[in-house]
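Could you walk me through this structure, step by step, while I have it open in my viewer? I am new to it and would like to know what to select next and what is there.

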Amino acid sequence: MTSPHPDQPARADRRALPYPGDEAITAARDRAHQAFAQLFTALGAGRHRLHYAALDVDGRYALASATVDVTTAPAWHLDANPDEFTVIEAAVTAALEGSCTVLATLVVQTEQASGPIVCGWRIERGWLHGMRTAAVQAAVRPCRGSSAPVARAYPAPFLPDPSVTG
């Protein structure tokens, strides 16, 4: 797909968001790849459900989810629906770039024998920053009267920002 040009007319069915430029998008995509590599290494083996939510600069909400199965033996392997994962990867990339996103979060739910556990990150200033456990717990609380299991929140693993750590 070619880069949009300012002199192209806006289509009525498309959102008009700022275009940050190819270099900024490429840098954000590289950061997203680094973030996912760190994220899955920190989470380890298991079935992880990623939930992304953001508020864009035009006041619209963006949501994405993907289930990723991680195996670590005999070798690392990730299995996910490619369509789901592409959407969440693009969303995280846009949030890391930052010019079109006001607020973004990534919450991960992992299934365990004792019940689901969750942790989450705010995506701001070009990286993922661990959310407070209480905020994650409140965000994933089932609706009153729901039979869904209550997920236990835990502190998000620290993901070192590669621009700071070298």
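Start by selecting Arg31 and Asp161 in this predicted model: the two form a salt bridge, with their closest N and O atoms 3.0 Å apart. Arg31 belongs to helix 1 (residues 22–43), while Asp161 sits in the loop between strand 7 (152–153) and helix 4 (162–165), so this pair ties together parts that are 130 residues apart in sequence. Are these two residues buried or exposed? Both Arg31 and Asp161 are buried. The structure holds six salt bridges, and you will meet others on this tour.

**Next stop: Leu128**

Keep Asp161 on screen and add Leu128. The C-alpha atoms of Leu128 and Asp161 are separated by 7.9 Å, although the two residues are 33 residues apart along the chain. Leu128 lies in strand 6, and its relative accessibility of 4% makes Leu128 buried. What does Leu128 touch, leaving aside residues up to four places away in sequence? Show Ala35, Leu96, Leu106, Trp121, Arg122, Ile123 and Leu159, and you have its contacts.

**Strands 5 and 6**

Two residues from that set lead to the next selection. Colour strand 5 (residues 117–124) and strand 6 (residues 127–130): they run antiparallel and are joined by four bridges. You can pick out individual pairs here. Ile123 has Leu128 as its bridge partner in strand 6, and Arg122 stands opposite His129 in strand 6.

Now look at the turn of this hairpin, which has two residues between the strands. Select Arg125 there, and you will find a positive phi near 50°.

**A small charged network**

Stay with Arg125 and show its side chain. Arg125 forms a salt bridge with Glu124, in which the closest N and O atoms are 3.0 Å apart. Glu124 also meets the side chain of Arg122 in a salt bridge, again given as 3.0 Å from N to O. Salt bridges that share partners thus join Arg122, Glu124 and Arg125 into one network. How accessible are its members? Arg125 counts as exposed at 65% relative accessibility. Glu124 is partly exposed, with a relative accessible area of 25%, and Arg122 is partly exposed as well, at 29%.

**Around strand 5**

Select the whole of strand 5 next. Six of its eight residues are buried, so strand 5 is largely enclosed by the rest of the structure. Among the residues to look at is Cys119, which is buried with a relative accessible area of 0%. For a contrast, jump to Cys143, which counts as exposed at 64% relative accessibility. How many disulfides are there? With two cysteine sulfur atoms required to lie within 2.5 Å, the count comes to zero.

Back at strand 5, bring in its other pairing strands. Strand 4 (residues 101–110) runs antiparallel to strand 5, and six bridges join the two. One pair to highlight is Thr105 with its bridge partner Arg122 in strand 5. The hairpin of strand 4 and strand 5 has six residues between the strands, and Gly115 takes a positive phi near 125° there.

Strand 7 pairs with strand 5 in the parallel sense, over two bridges. To see one residue pair, show Val118, which stands opposite Ala153 in strand 7.

**A surface patch**

Switch to a surface view and select Leu17, Val57, Val102 and Leu103. Together they make a nonpolar surface patch of about 330 Å². Leu103 has its place in strand 4, and it counts as partly exposed at 48% relative accessibility.

**Zoom out**

Finally, show the full protein chain as a cartoon. What elements does the protein chain have? You can trace four helices and seven strands. Follow them along the sequence, and the pattern reads α-β-β-β-α-β-β-β-α-β-α.

Of the 166 residues of the protein chain, 33% count as buried. The accessible surface comes to about 10200 Å², and 56% of this belongs to carbon and sulfur atoms. Contacts within the chain can also be sorted by sequence separation: among those with a separation of 6 or more, residues 24 or more positions apart account for 56%.

Notes. Residues numbered from 1 in each chain as written. Predicted model: local features only at pLDDT ≥ 70, side-chain atom pairs only at ≥ 80, totals over all residues. Heavy atoms only, no water. Pairing = 2+ DSSP bridges. Buried < 20%, exposed > 50% of the residue type's maximum accessible area, 1.4 Å probe, protein only. Patch = residues over 30% accessible without salt bridge, like charges linked within 9 Å, V, L, I, M, F, W, Y side chains within 5 Å. Areas by Shrake-Rupley, 256 points an atom, 1.4 Å probe, with all protein chains shown as cover. Salt bridge = Lys/Arg side-chain N within 4 Å of Asp/Glu carboxyl O. Contact = heavy atoms within 4.5 Å.
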